[in-house]
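These notebook entries record what I looked up in the structure shown below. I took up enclosed space, then the contact between chains, then open pockets and charged pairs.

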2 protein chains.
Amino acid sequence: MTAARQAVGILIFDDVEVLDFAGPFEVFSRTRLVPGADSRRSDDSAPFDTFTVARSPEAITTIGGLKVIPHYAWADAPPIDILVVPGGFGTRALLRDEEVLAWIRRAAADASLVTSVCTGALLLAQIGTLRGRRATTHWAAHDLLVSIDPTIQLQRDVRVVADTIFTSAGVSAGLDMAFAVVERLHGAEVARETARYIEYVPQYQDTV
Amino acid sequence: MTAARQAVGILIFDDVEVLDFAGPFEVFSRTRLVPGADSRRSDDSAPFDTFTVARSPEAITTIGGLKVIPHYAWADAPPIDILVVPGGFGTRALLRDEEVLAWIRRAAADASLVTSVCTGALLLAQIGTLRGRRATTHWAAHDLLVSIDPTIQLQRDVRVVADTIFTSAGVSAGLDMAFAVVERLHGAEVARETARYIEYVPQYQDTV
């Protein structure tokens with residue numbers, strides 16, 4: 001593969017929900033344009049460079065207590081093409097954290113595609129990115145999402161909403177969101193082959 | 001909750017597949033016997049104490065480059081009730097690593113339940129734990145599994161095999177394996193409520 005890889009930057013923070021970021025990380029980091037002869041999945045045709053980004057270089061602690069060292073602190077992170085904002089209860093404190101909101105606002109403006117998983121959508125709503133758009137979030141946060149921005153057209157019963165911004169329902173729906181992005185950028189066959197590799201059957205509804 | 005929590009110990013190692021360990025970590029760490037009034041899921045009724053274990057206290061690097069600091073090194077780990085052995089290409093080197101095989105053998109002997117995800121089954125096969133049992137693994141490793149132990153009754157088209165040992169198909173099937181364990185130990189209603197929380201629809205076939 002000669003074309004430059006697209007940079008997938010996944011924001012992580014204390015009390016992020018594990019599967020919210022690990023699901024998209026798995027899908028983006030294991031996608032291959034040419035699967036190759038064996039199941040080792042050589043990096044040669046990987047279309048994405050997938051990494052995590054956090055406020056500081058120190059490890060963050062997820063809900064449940066997993067400690068993850070981010071690939072990059074904000075200050076050192078390379079440009080992000082595809083921004084992934086996961087959810088978890090950590091998002092509640094971040095709604096009032098001007099520093100993280102400013103970082104997301106800037107990263108979202110620079111990215112070619114902005115996505116969220118679960119209650120990551122609350123942060124996108126807080127910075128105005130979802131204004132007037134179709135979007136979704138974890139079912140337990142539906143009311144909170146529209147209270148943050150009443151112009152959002154909340155989609156209640158879908159796993160993925162592919163408006164200009166891609167948002168997903170809760171936790172495991174982040175896998176579907178990632179596959180929706182893979183399909184959009186690289187076609188159904190690439191998404192299908194990657195899904196077969198991780199033995200997942202993506203369920204998403206493209207509402208654009 | 002007054003009863004002691006069951007300790008779920010998830011082995012992690014270099015080149016583990018992210019979703020192989022993150023899926024079961026999500027399910028076990030977020031299960032609640034009493035979900036409570038809000039979606040915060042207080043720890044009060046958590047039936048599992050879920051942690052990762054590695055050879056040394058230093059961070060391991062997954063396939064795709066995520067760095068995870070284990071909760072415990074082998075030398076410091078508390079007793080494990082439910083052992084989870086995930087897969088990934090890192091398992092290939094471990095098949096010839098007497099130190100890790102000895103650790104798994106001992107942990108499996110002490111655990112009340114032994115489980116694997118994906119090619120984690122190769123390691124269980126290598127130590128003889130799957131002898132004569134029904135088991136499964138990632139579809140790309142079916143032949144390898146039975147070449148390690150020809151007495152294994154390979155189950156090709158199921159996501160979870162709940163023999164004395166619980167094994168699962170590839171990667172995302174670890175979510176289903178974890179839900180099968182939750183259902184076995186705490187009933188269908190607890191499994192269903194947790195699945196609803198993470199918006200996952202478990203698919204497993206209990207072949208015992």
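**Entry 1: cavities.** I note at the outset that the model is predicted. I searched the whole structure for enclosed space and obtained two cavities of 30 Å³ or more. The largest cavity has a volume of about 90 Å³. I then asked which residues lie nearest its centre. Of the twelve residues in the lining of the largest cavity, these are Tyr197(A), Phe89(B), Arg92(B), Thr119(B) and His138(B). I sorted that lining by class and recorded six nonpolar, four polar and two charged residues.

I next turned to the second largest cavity, which holds about 80 Å³ of space. Twelve residues line the second largest cavity, and those closest to its centre are Phe89(A), Arg92(A), Thr119(A), His138(A) and Tyr197(B). The class count for the lining of the second largest cavity is six nonpolar, four polar and two charged residues.

**Entry 2: the contact of chain A and chain B.** How many residues does each chain bring to the contact? I find 38 residues from chain A and 39 residues from chain B. Between them, the two chains bury about 3500 Å², and 60% of that area is on carbon and sulfur atoms. On the side of chain A, I looked up which residues lose the most area to chain B: they are Phe89(A), Trp139(A) and Glu199(A). Together these three residues account for 19% of what that side buries.

I then listed the interactions across the interface. The rule finds two salt bridges between chain A and chain B. I examined the pair Glu17(B) and Arg30(A), whose side chains meet in a salt bridge at 3.0 Å, N to O. For polar contacts across the interface of chain A and chain B, I recorded 24 residue pairs, with both residues at pLDDT 80 or more.

Which elements of chain A supply at least two residues each to the side that touches chain B? They are α1 (18–30), β2 (48–54), β4 (67–69) and α7 (188–197). Helix α1(A) gives the most to that side, with eight residues. By class, I count the side of chain A that touches chain B as 19 nonpolar, eleven polar and eight charged residues.

**Entry 3: the largest pocket.** I looked up the open space next, and the largest pocket holds about 290 Å³. Its lining has 16 residues, and the closest to the centre are Gly64(A), Ser29(B), Arg30(B), Arg32(B) and Asp43(B). The elements that give two or more residues to this lining are α1 (18–30) and β2 (48–54) of chain B. Of the elements, β2(B) gives the most to the lining of the largest pocket, with three residues. Sorted by class, the lining of the largest pocket has four nonpolar, four polar and eight charged residues.

**Entry 4: salt bridges.** I began from the general point that side chains of opposite charge can pair when their charged atoms come close. Over all chains, the rule gives a count of 18 salt bridges. I looked at one of them in chain A, between Glu193(A) and Arg41(A), in which the closest N and O atoms are 2.9 Å apart. Why does this pair tie together parts that are 152 residues apart in sequence? Glu193(A) lies in helix α7 of chain A, and Arg41(A) lies in the loop between α1 and β2 of chain A, so the salt bridge joins these two parts.

Note on methods:
Residues are numbered from 1 along each chain as its sequence is written. Chains are lettered from A and ligands numbered from 1 in the order in which they are written. This is a predicted model: local features need pLDDT of at least 70, side-chain atom pairs count only at pLDDT 80 or more; totals for chains, interfaces and linings use all residues. Side-chain values use heavy atoms; hydrogens and water are left out. On a 1 Å grid over the protein atoms alone, a cavity is a set of points where a 1.4 Å probe fits but cannot get out, and a pocket is an open set with protein on both sides within 12 Å along at least five of seven lines; lining residues have an atom within 4 Å of a point. Grid points are joined across faces, edges and corners, and a volume is the space filled by probe spheres set on the points. Ala, Val, Leu, Ile, Met, Phe, Trp, Tyr, Cys and Pro count as nonpolar, Asp, Glu, Lys and Arg as charged, and the others, Gly among them, as polar. Contact means heavy atoms within 4.5 Å. Buried area is the accessible area (1.4 Å probe) that two parts lose on being put together, summed over both. A salt bridge is a side-chain nitrogen of Lys or Arg within 4 Å of a carboxyl oxygen of Asp or Glu. A polar contact is a pair of N or O atoms within 3.5 Å; within protein, one must be able to donate a hydrogen and the other to accept it, and residues adjacent in sequence count only if both atoms are side-chain atoms. Helices (H or I, at least four residues) and strands (E, at least two) are DSSP runs, numbered from the N terminus.
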